[in-house]
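Hi,

Here is the structure I promised to pass on to you. Have a look at it first, and then read on for what I found.

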Amino acid sequence: STLFPYTTLFRSMTINAGFSGQSFQTSQLDKVRQLSKEVFFPLEIDGGVNADTIKEGLDAGAKRFVST
């Protein structure tokens, strides 16, 4: 929280980084939910994002999404 004044974006990895084609890990959305109540900068989720999982990310408070 001491770095929040210097933060412009928070990215939460919703897969294990380094391997493509992995399933979306909904457990990572807990971080996004918590931070969305505390910060004003954009929250981003990266990995496993598709038409089915993007709503979960939006509901958790994410505003940016990375998908391949």
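Let me start with burial: of the 68 residues in the protein chain, 31% are buried. Please keep in mind that this is a predicted model.

As for the fold, the protein chain has 2 helices and 3 strands. Reading from the N terminus, you will meet them in the order β-α-β-α-β.

Next, the overall dimensions. The C-alpha trace of the protein chain spans about 35 × 25 × 20 Å along its principal axes. Its radius of gyration is 12 Å, which agrees with the value near 11 Å for a compact globule of 68 residues. Of the contacts between residues at least 6 apart in sequence, 50% join residues at least 24 apart.

The part I would look at most carefully is helix α1, which covers residues 29-36. Its buried residues are Leu29, Val32 and Leu35. They sit on the same side of α1, because the arc they cover around the axis is only 125°. The general rule helps here: an α-helix has 3.6 residues a turn, so residues three or four places apart point the same way. And what covers these buried residues of α1? The cover includes strands β1 (10-13) and β2 (43-46), together with helix α2 (54-60).

Finally, the surface and the charges. The protein chain exposes about 4,700 Å², and 53% of that comes from carbon and sulfur atoms. There are 7 positive and 7 negative side chains, with the centres of the two sets 4 Å apart.

Enjoy exploring it!

Best wishes

Definitions and conventions. Residues are numbered from 1 along each chain as its sequence is written. This is a predicted model: local features need pLDDT of at least 70, side-chain atom pairs count only at pLDDT 80 or more; totals for chains, interfaces and linings use all residues. Side-chain values use heavy atoms; hydrogens and water are left out. Helices (H or I, at least four residues) and strands (E, at least two) are DSSP runs, numbered from the N terminus. The radius of gyration is taken over C-alpha atoms; the globule rule is 2.2 Å times the number of residues to the power 0.38. Buried means under 20% relative accessible area, exposed over 50%, partly exposed in between (1.4 Å probe, protein chains only). Contact means heavy atoms within 4.5 Å. Accessible areas come from the Shrake-Rupley method with a 1.4 Å probe; for residues, only the protein chains shown count as cover. Lys and Arg count as positive and Asp and Glu as negative; His and the chain ends are not counted. The place of a charge is taken as NZ of Lys, CZ of Arg, CG of Asp or CD of Glu. The arc is that of the directions from the helix axis to the C-beta atoms.
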